[in-house]
Structure formats: C-alpha cells, structure tokens
Amino acid sequence: FRIMSAAKKRYFDVNSDDGVLFVHAKIDREELCGQSLTCFQNLEIIVENPLKLYRAEVEIADINDNPPTFKQSQLRLDIVESSPPGIRLPLQSAQDLDVGTNSVNTYMLS
C-alpha cells in the first residue's frame with residue numbers, strides 16, 4: 001500500500017498487514033484548513049498487487065483545542081460613581097482559532 005496526498009505533511013498511513021488506515025502524524029485542523037467550516041483530506045491509496053488505485057476523503061473534525069485570545073492581556077475601565085445601574089460598557093472581542101460550536105460565542109467576566 002502507498003498513500004498519496006496533496007498535503008505537505010504525511011498525516012495518514014496504511015497498515016500493510018491488514019489494510020487499516022491510521023493516523024501517522026498529529027493533525028492540527030486549524031493549521032491545515034484555517035477558518036473553513038469543513039476540512040477534508042483527499043487521499044489516493046495505491047495497492048500494488050494487483051495494481052489498483054482507490055480514492056478516499058477523510059473529514060478532519062474540529063475539537064476545542066484553542067483558547068480564546070484578546071488583543072490586550074488587560075483591560076482597564078474607568079467608571080464614575082454616578083453611572084446608572086445597567087450601563088453597558090464596551091469590551092474587546094475575543095478571537096478563537098476553533099470553528100463552529102467550538103469557537104467562542106460569548107464570555108463572562110469573573
């Protein structure tokens with residue numbers, strides 16, 4: 001068995017004894033596909049005896065492996081004592097490399 005892929009790094013391999021596809025190297029979905037909602041790796045699997053070509057598409061699912069980040073590590077807000085209850089104060093947006101349900105949607109101050 002041989003695997004061909006357009007990826008620069010070899011992420012998958014095939015066990016030559018039983019033909020099982022396995023992960024060969026750590027996959028970083030955000031590095032591979034960026035902020036795209038879907039991430040697929042297209043593979044060509046070559047069997048040599050007899051010579052045959054198979055095509056496979058592997059979906060790389062996102063996990064929540066990146067913490068949200070802020071442009072500034074600290075934020076200072078000056079609030080006057082006469083501020084009414086319920087006043088809204090602008091906060092900076094958090095950035096998250098994860099996508100979909102794993103990306104930051106809301107956050108709270110504690």
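In this predicted model, aspartate 13 and arginine 10 form a salt bridge, and their closest N and O atoms are 2.6 Å apart. Side chains of opposite charge can pair when their charged atoms come close. Arginine 10 counts as partly exposed because its relative accessible area is 45%, which falls between the limits of 20% for buried and 50% for exposed.

By the rule applied here, the structure has four salt bridges. Another of them joins the side chains of arginine 55 and glutamate 44, at 3.3 Å from N to O. This pair links distant parts of the chain, for arginine 55 belongs to strand β5 (residues 51-59) and glutamate 44 to strand β4, eleven residues apart. The two partners can also be described by their accessibility. Arginine 55 has a relative accessibility of 65% and therefore counts as exposed. Glutamate 44 has a relative accessible area of 29%, so this residue is classed as partly exposed.

A further salt bridge brings together the side chains of arginine 76 and aspartate 78, with an N to O distance of 3.2 Å. Arginine 76 is exposed, as its relative accessible area is 71%. Aspartate 78 is likewise exposed, with a value of 64%.

From these charged pairs the description turns to the nonpolar interior. The largest nonpolar core consists of ten residues: Ile3, Tyr11, Phe12, Val14, Ala25, Cys39, Leu43, Ile45, Val58 and Ile60. Strands β2 (12-14) and β4 (40-48) each contribute at least two residues to this core. Glutamate 44, the salt-bridge partner of arginine 55, is also in strand β4.

Leucine 43, a member of the core, illustrates how such a residue is surrounded. When residues up to four places away in sequence are not counted, leucine 43 touches Ile3, Met4, Ser5, Phe12, Leu21, Tyr54, Arg55, Ala56 and Val58. Among these contacts, Ile3, Phe12 and Val58 are themselves members of the core. Arg55, also on the list of contacts, is the residue that forms the salt bridge with glutamate 44.

The final feature is the largest pocket, which holds about 160 Å³ of space. Its lining is made up of Phe70, Gln72, Ser73, Gln74, Leu75, Leu77, Leu91, Gln92, Tyr107, Met108 and Leu109. Which classes of residue does the lining of the largest pocket have? Seven of the lining residues are nonpolar and four are polar, while none is charged. Leucine is represented in this lining by residues including Leu75 and Leu91, and the polar group includes Gln72 and Ser73.

Technical notes: Residues are numbered from 1 along each chain as its sequence is written. This is a predicted model: local features need pLDDT of at least 70, side-chain atom pairs count only at pLDDT 80 or more; totals for chains, interfaces and linings use all residues. Side-chain values use heavy atoms; hydrogens and water are left out. On a 1 Å grid over the protein atoms alone, a cavity is a set of points where a 1.4 Å probe fits but cannot get out, and a pocket is an open set with protein on both sides within 12 Å along at least five of seven lines; lining residues have an atom within 4 Å of a point. Grid points are joined across faces, edges and corners, and a volume is the space filled by probe spheres set on the points. A nonpolar core is a set of buried Ala, Val, Leu, Ile, Met, Phe, Trp, Tyr and Cys residues joined through side-chain atoms within 4.5 Å. Buried means under 20% relative accessible area, exposed over 50%, partly exposed in between (1.4 Å probe, protein chains only). Helices (H or I, at least four residues) and strands (E, at least two) are DSSP runs, numbered from the N terminus. Contact means heavy atoms within 4.5 Å.
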